[in-house]
Every structure is written in C-alpha cells, then in structure tokens.
Amino acid sequence: MAMSVTVKIPTQLRAATGGDAEVEVSGSTVGEVLDAVFDAHGDLRDRITQDGDLRRFVNVYVSGEDIRFQQGLDTTISEGDEVTILPAVAGG
Amino acid sequence: MSVESLKCKECGAGYELGAGFACENCFGPLEVAYDYSGLDAAEAKRRIQAGSQGIWRYADFLPFTGRPLDPLEPGLTPLVRADRLAERLGLEAEIWIKNDAANPTHSFKDRVVAVAVAKARELGFETVACASTGNLANAVAAHAAAAGLESYVLVPANLEEQKLLATGIYGTNLVGVRGNYDDVNRLCTQLAETRPWAFVNVNLRPYYAEGSKTLAYETAEQLGWELPDRVVCPIASGSLFTKVGRGFQEWLDLGLVEGGQPVFNGAQALGCSPVATAFAEGWDVCKPQKPETIAKSLAIGDPADGPYALEQARRTGGAIDSVGDEEIRAGIRLLAETTGIFTETAGGVTVGVLAKLAERGEIGAGERVVVYITGEGLKTLDAARDSFHMHEIDPDLASFESEFATQQEVVA
C-alpha cells in the first residue's frame, strides 16, 4: 500500500526543487518514493541516479537508517517514515 | 601559483572557494584545485627549507595565499628507522616509522584541523564543529581553544574514556551521541545545513583533507627528497590514504621528487573492514558495515573515500588488509618493544598489517617502507591492559633479589 511520506532534500539539490527542503509524495518502497519525487522534480533524477541505481556518493536513509543495511531501493516504507537524501561525507 | 577553485572529483564541475563539499550535479566530493604553472622546483624546495618547523613550511601546496596564523602548528614529526622491528619480522627491508603521535594533540588529525580552522577563520566562521571517532574531536577542541573560537564536537558516546577526557578539558561543547560514527556523521551533515558553523569534516572537508598531504611531503623531505618504495597506512574514511597519494603525485608532477608512486598498503580492523572487504571481493564501492572493533578511531562503517582508496591500492600494485583485535594488541606491543613508540589501536592495526605483509613475503629485501603511526597509545590504554606482568615486591633488597633470583646477575 502506498504511504504518504516526507522526503528531505539536501541544500545541494534544492535548486532542482525550486528551493523546497521537503517534498511530500507517496509510495510503498524507497524506489517508488524516489520515482514520485522525480515525477515532481525531473531535474533530480540524473543528479541522484545513474543507470537506475543510486550514484555512489548518494546516501538515502529511512527514518535514520541507511537503506544499504535494509533492502536498498526495495526497502519498504511505513506510515510516518521520513526519507532523507544526503551526500556521503568522509570523516575521521 | 595559486589556489584556484573547488572541483568535483567525479564529474569535474568547478565551484568557488567557499564552504561546500558536494557537487550539485552528481554529489561527488569536491577537492581543492591549484594552478602550479610557473612553479620552479628548486625554488619551491628552498622556500620549504627556509619555512617554519611544521606543516606551514608547505604553505605553497595548501589552500591559502600565505602562511596562516596558527598557534598550535603541527607537523615535522619524527621519521625513525626501525631496524629492530624489521629484524623481528624477518625483513631485510628498511622500515621507517612516521610517528604522527608527536603532534600537539597526539594524532595526525592536528594536520587536517590546523588547515580547516585556519580556513574557517579566513571565511569568517566563529564556531567550528566536527563528527569524530575521537582524535578529530581532540584536535578540533584544542585548535578552537587556541584560536579563540567556539566549538561543538560530536562523537559516539561509547568512546574510550581517555579520548573524552582529553577533549572536554579544552572547554568545548562535547556531545556524546548514542550511536556509531556513521550516525554521528549523518547527524552532522544534517546540522551543517542549518547551523552557521564550520564543520571541519563536512562543509570544510575539501580544505581539511588537504592537511593530510603534509604527511606525504614530510616523508619525502625527511627521506632526502626521495619517495619510499612502499607505504603502510591505516584506512578509516580513506581520506588520509588517498591524500598521502595525492601529496606524492603533486611533487612527482612538479619535479620536487623523481621516480614513481610507492606501493600503497591499506590497513583496517577486521571488525570494521568495508574497504578491505571490497578490495578482496574486487568491488569498486564499499558495502557499509556496523563496526565492532577495539580500533575505535578507525571505526567508520561507511567510508566515503573508500572508492578512491580502492583505486589507489590497485593502481599502485598494493592491497588493503585487515587484522583482528588480538593482532592489533600484538602490533601495539611489537612496536613498543622494538621502537619505544607506544601507539593507539589504529597503530596496532597498521603494524599488524605490516606483520601480515611480512609473513606473506610481500616485502622485498632492500625495500624502503614507511609505516604511518597516526595516534598515541595513552589514548587507548585499555588495549595495553593485561598484556604484561608487574613485579610487586616489599621495599627491601631480599624481596627484590628473591623476585629476580633467576633473572638477574648480581655484580660482586
């Protein structure tokens, strides 16, 4: 079932959302949610994905948990989840 | 010769020299680009040799127009020949230890923080911050105190007590986060969007990372303007590993040194080995892990520079290996016993991997190998616990003599 979720857009991508920091969409998996975001803001698709996969410096979290620890783009969304897109940052 | 712009490492897009770290087109990491046209190698060497006794002697290769004010200048740490270590490992190679624990806050992080804090001041920030596995928090708190800036340092709450104590003392806002480093890093990336702060390893990361090049420059200068044949270097995020390579490459390109890149051997802890795993599996990217290791300063499960570290190890004919907790403890002890240098768990990882390479017969006779020791043993004392026996005696000669009766020759 498609859930309504908030997707947090990082500063670097807000030029493609007309400045919006959040986008409200619906979907039952992370992949569906991102597709809905791309339908609303077409410029985002190529910035975040390449050949249908996430680019290697793009991290996506569902309620704080990295989707690579779950089922990637197939990770299911529950009501009230928040999806966050962030650039990968090296640390130390 | 000047610092020019920020440039995306993935797609090459250029950006102004401000506080930014990710490409708007592809999210690739930004890196500082320089214009070295007109640089004369002999003149550059003279300027270095006439420079300060620390990293600012390399100011021509750092993202500033002159030498910044820096009351806690790190660098020019000892590079010591370790013949007894080589002997214990059965090596006929020249082993050199670059002891970067000999910095103001006892780790290589002073290098990157000195550069980032100087840049933060230049850009007009009044508060500096970081996501850290401990050593970085230490360095940020100290350099902020020295520069008179406010600071916030965020670390996993379960860090070694020594690292927490040695950080809080500087009057920083020490924030222990109930989570691992990757949680802390995500939180800081989110905070960096709303707080007007210089997060040294987030929005100032392109400059911060440049500080690691000074380890390469020093190595070359201390070896008499020559490059080693091989380096063994720990990998957490992969930034140090790749920037040491970039430092060597710049000096090769500019003619300050001759020859080619050394073989790069990376060292990870088995309990947090996403880059070593990717190397072994032949992957181009790392699969993130949940860290479980005593080497907490290397406990980054999602290393952002992992892909570049993999490329560098493969390109130079090197490898990325991992060692378990017992090998880490043994590495700490071996280094201490053979060189008098007491390193933290990260150094135990590095020496452990050196031992592994020796065992595999990968280090040839006559090779010149530089081993990067990035932190101080006093910060991870638990790793030394129960690794030796203390003789406890009464304060009289008989007690001493009976304790050492079988070991000590008595001088008549």
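User: What covers the buried residues of α11(B)?
Analyst: The cover includes α9, β11, α10 (274-281) and β12 of chain B. Two residues are in contact when their C-beta atoms, placed from the backbone, lie within 7 Å. This is a predicted model, in which local features need pLDDT of at least 70 and side-chain atom pairs count only at pLDDT 80 or more, while totals for chains, interfaces and linings use all residues. Residues are numbered from 1 along each chain as its sequence is written, and chains are lettered from A and ligands numbered from 1 in the order in which they are written.

User: Why is α11(B) called mostly covered?
Analyst: A residue is buried if 20 or more other C-beta atoms lie within 10 Å of its own, exposed if 12 or fewer do, and partly exposed in between. In α11(B), seven of 10 residues are buried, so by that cut-off the helix is mostly covered. Among the buried ones are Y308(B), L310(B) and A313(B).

User: What makes α11 (residues 306-315) of chain B a helix?
Analyst: Helices are DSSP runs of H or I with at least four residues, and strands are runs of E with at least two, numbered from the N terminus. Helix α11(B) lies across β11 and β12 of chain B, at about 135 degrees to β11(B). The angle is taken between N-to-C directions on a scale of 0 to 180 degrees, with axes fitted to C-alpha atoms, for helices over the stretch in contact.

User: Why is one side of β4 (79-81) and of β12 (319-323) of chain B left without a neighbour in the sheet?
Analyst: Strands pair if DSSP finds at least two bridges between them. The open sheet has the order β4-β5-β13-β10-β11-β12 (chain B), with mixed pairing. β4 and β12 of chain B stand at the edges with a single partner strand each, so one side of each has no neighbour there.

User: How many bridges join β4(B) and β5 (residues 94-99) of chain B?
Analyst: There are three, in the antiparallel sense, so the minimum of two is met and the strands count as paired. One of the bridge partnerships sets V80(B) against I97(B).

User: What makes the set of 148 residues a nonpolar core?
Analyst: Such a core consists of buried Ala, Val, Leu, Ile, Met, Phe, Trp, Tyr and Cys residues joined through C-beta atoms within 7 Å. The largest has 148 residues, with V128(B), V140(B) and V371(B) making the most contacts inside it. Helix α3 (residues 109-122) of chain B gives the largest share, eight residues. Contacts of V128(B) beyond four places in sequence include V117(B), V140(B) and W197(B).
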